[in-house]
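Work through the exercises below with the sequence and the coordinates open. Each task is followed by a solution in short steps.

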Amino acid sequence: MKYIMAMDAGTTSARCILFDHSGTICAMAQRELTVTFPKEGWVEQDAREIWEAQLAVCHEALQKAGLTGEDIAAIGIPNQRETTIVWDRQTGEPVGPAIVWQCRRTAEAADALKRRGLADSIRRKTGLIIDAYFSATKLQWILDRDKSVRARAECGELLFGTVESWLIWNLTGGVVHCTEYSNAARTMLFNIHTLDWDEDILRELNIPRQMLPQPVPSSGVMAETEVFGARIPIAGAAGDQQAALFGQNCFEPGEAKNTYGTGCFLLMNTGTQPVESRNGLLTTVAWGFDGTVSYALEGSVFVAGAAIQWLRDELGLIHSAAETEELAYRIADTGGVYLVPAFVGLGAPYWDSYARGTLVGMTRGTGRAHIVRAALESLAYQTADVLEAMQNDSGIALRALKADGGASRNNFLMEFQGDIVGVPIVRPQCVETTALGAAYLAGLAVGYWNDVEEIRRNTATDRIFAPQMSQEQRERLMKDWHRAVQCASGWAVPADR
Ligand code: ADP
């Protein structure tokens with residue numbers, strides 16, 4: 001029996017998970033990664049550490065399972081997206097630190113691109129809204145930091161890659177320099193229609209094409225590695241959210257998943273045609289699989305599980321996140337209390353960076369449980385807003401929403417989410433959907449699994465939360481939520497504006 005190795009290259013940790021044919025986890029190893037914050041808003045990692053930790057956890061997982069490289073049928077890589085690495089083609093030495101997706105150092109550079117009137121064309125070509133989040137301005141920053149870096153890049157001495165690209169380059173001893181479509185789609189340099197780097201954008205941003213990796217589909221043998229003592233195909237890769245969409249079996253247009261972590265990441269498969277959003281969502285490649293490319297709409301909620309951490313760490317209302325479930329069930333409703341956790345502004349569909357956290361509707365009878373429940377409900381309301389935008393953009397009515405991520409363990413939240421969006425919430429048994437998705441992409445490419453039907457049969461549901469609430473009550477609650485959002489909006493606008 002052979003296994004599939006998922007190299008889960010996250011932001012907080014490098015993990016390796018070995019899956020068997022039934023999609024069951026056979027071994028797992030994990031190592032924390034260092035994240036540094038050298039200046040306000042700056043976030044960096046050490047690219048060497050990312051590679052070395054990833055290699056170490058893979059050896060560790062093999063050892064734990066009593067396996068060798070011979071037992072691995074293929075490798076799949078799900079990875080943190082947008083993080084930008086530049087390295088020397090000869091020595092493999094990174095040019096400075098990896099600039100992590102969260103890093104805001106290029107916020108002004110992104111604003112400058114908007115002022116140059118590039119927003120529309122970039123949006124049309126890449127599906128993205130110009131932002132420092134994506135790799136393009138991070139790469140510009142590295143190139144402009146000192147003249148010698150740009151000169152070396154221009155004469156072909158330096159290479160650029162996102163994390164999967166960097167790992168594949170290292171796994172092949174510097175032979176293969178490729179990037180997978182869904183990762184390329186987050187660079188803001190990649191044309192999601194032609195599936196190639198966009199010459200106009202490269203020219204506008206002054207990025208030397210020769211440093212860019214070769215874009216390849218998410219499923220298919222992209223390289224082979226011998227670092228585990230046998231020749232193993234690297235046959236799958238995808239950005240973490242896209243990998244989770246695949247791992248959640250959202251293969252058909254209209255199928256969607258929401259990951260309830262620190263923030264929420266909602267992705268809906270829109271099929272083989274990219275859908276342009278009119279509601280501030282991103283259009284992105286879901287995956288290139290089986291000779292076709294699927295696209296997705298993506299919307300994120302900045303503060304989701306983080307609101308629960310806030311209850312615990314800043315307000316001291318709870319000791320643990322898990323406790324919120326029992327507290328919320330203790331009462332019938334929040335008694336009209338709403339929390340809008342706009343701590344860092346509001347994302348889609350509001351895009352209000354001046355909104356701030358707001359708690360409204362309190363009376364003399366409001367207690368701890370009401371506030372805790374309002375915080376949990378805020379995750380569901382924010383998700384409902386993004387879903388509505390997705391349905392409006394795509395014209396597709398959702399039939400079910402698949403849930404994963406840390407806060408999806410909360411039964412109250414899942415129940416309330418189903419009530420407020422009016423469709424069933426499906427929670428899978430295996431919550432490692434990101435690693436599983438990349439394992440599936442790899443396994444399908446090498447015939448370890450035959451087709452997606454086989455994968456569907458592998459997937460076990462833990463619980464389905466069917467909506468119980470009346471349409472009338474749902475509308476009333478949403479209406480009041482939107483009134484609460486109005487209270488939060490624009491709060492931090494500077495006084496002179
Ligand atoms: P990330 O990958 O973003 O670090 P995780 O998927 O590990 O996040 O989920 C952690 C988040 O989920 C935390 O913000 C935490 O507050 C929240 N969380 C974890 N368990 C629960 C729970 N039972 N109820 C509500 N929130 C929870």
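Which strands does α9 lie across, and at about what angle does α9 run to β17? The model is predicted. α9 lies across β15 (256-260), β16 (264-271), β17, β18 and β21. The angle to β17 is about 60°.

**Exercise 1. Lay out the seven-stranded sheet.**

Step 1. Write down the strand order. The sheet is open and reads β17-β18-β16-β15-β21-β22-β23. Its pairing is mixed.

Step 2. Find the edges. β17 (282-289) and β23 (461-465) each have a single partner strand, so one side of each is left without a neighbour in the sheet.

Step 3. Add the twist. Neighbouring strands are turned by 25° against each other on average, direction ignored.

Step 4. Take one pair inside the sheet. β21 (residues 401-404) and β22 (residues 425-428) run parallel and are joined by two bridges. L401 has I425 in β22 as its bridge partner.

**Exercise 2. Do the same for the six-stranded sheet, then place the helices on it.**

Step 1. Order: β3-β2-β1-β5-β14-β13, an open sheet with mixed pairing.

Step 2. Edges: β3 (25-32) and β13 (219-225), each pairing on one side only. The twist from one strand to the next averages 25°.

Step 3. Check a parallel pair. β1 (residues 3-9) pairs with β5 (residues 72-79) over five bridges, in the parallel sense. Within this pair, M5 stands opposite I75 in β5.

Step 4. Place the helices. α6 (residues 163-171) packs on the sheet and touches β1, β5, β13 and β14 (232-239). The direction of α6 makes about 145° with that of β5. α9 (residues 240-247) also packs on this sheet, touching β5 and β14. Its direction makes about 105° with that of β14.

Step 5. Check an antiparallel pair. Seven bridges join β2 (residues 13-19) to β3. S13 has E32 in β3 as its bridge partner. The two strands form a hairpin with five residues between them. In the turn, G23 has a positive phi of about 80°.

**Exercise 3. Describe the packing of α1 against α6.**

Step 1. Choose the descriptors. Two packed helices are described by the angle between their axes and the distance between the axes.

Step 2. Fill them in. α1 (residues 47-65) and α6 pack at about 65°, with axes 10 Å apart. The crossing is right-handed.

Step 3. List the residues that meet. From α1 come A47, R48, I50, W51 and Q54. From α6 come V163, W166, L167, N170 and L171.

Step 4. Classify them. The contact has seven nonpolar residues, two polar and one charged.

**Exercise 4. Account for the enclosed space.**

Step 1. Recall the probe. Rolling a probe the size of a water molecule over the atoms shows where empty space is left.

Step 2. Count. There are two cavities of 30 Å³ or more.

Step 3. Describe the largest cavity. Its volume is about 90 Å³. The lining has 15 residues, and V301, L346, G347, A348 and Q382 lie nearest the centre. β18 (292-301) and α12 (368-394) each supply at least two lining residues. α12 gives the largest share, three residues. By type, the lining of the largest cavity holds 10 nonpolar residues, four polar and one charged.

Step 4. Describe the second largest cavity. About 30 Å³ lies inside. V95, G96, P97, I99, W141, I142 and R145 line it. Helix α4 (residues 135-145) provides the largest share, three residues. Five lining residues of the second largest cavity are nonpolar, one is polar and one is charged.

**Exercise 5. Characterise the second largest pocket.**

Step 1. Volume: about 330 Å³ for the second largest pocket.

Step 2. Lining: 19 residues, with A332, D333, R373, E377 and F416 nearest the centre.

Step 3. Source: α12, α13 (411-421) and α16 (471-488) each supply at least two residues of the lining.

Step 4. Character: eight lining residues of this pocket are nonpolar, four polar and seven charged.

Step 5. Link back to Exercise 4. α12 supplies residues to the lining of this pocket and to that of the largest cavity.

Key: Residues are numbered from 1 along each chain as its sequence is written. This is a predicted model: local features need pLDDT of at least 70, side-chain atom pairs count only at pLDDT 80 or more; totals for chains, interfaces and linings use all residues. Side-chain values use heavy atoms; hydrogens and water are left out. On a 1 Å grid over the protein atoms alone, a cavity is a set of points where a 1.4 Å probe fits but cannot get out, and a pocket is an open set with protein on both sides within 12 Å along at least five of seven lines; lining residues have an atom within 4 Å of a point. Grid points are joined across faces, edges and corners, and a volume is the space filled by probe spheres set on the points. Helices (H or I, at least four residues) and strands (E, at least two) are DSSP runs, numbered from the N terminus. Ala, Val, Leu, Ile, Met, Phe, Trp, Tyr, Cys and Pro count as nonpolar, Asp, Glu, Lys and Arg as charged, and the others, Gly among them, as polar. Two strands pair if DSSP finds at least two bridges between them. Axes are lines fitted to C-alpha atoms, for helices over the stretch in contact, and angles run from 0 to 180 degrees between N-to-C directions. Contact means heavy atoms within 4.5 Å. A crossing is left-handed if the near helix is turned anticlockwise from the far one by less than a right angle, and right-handed if clockwise.
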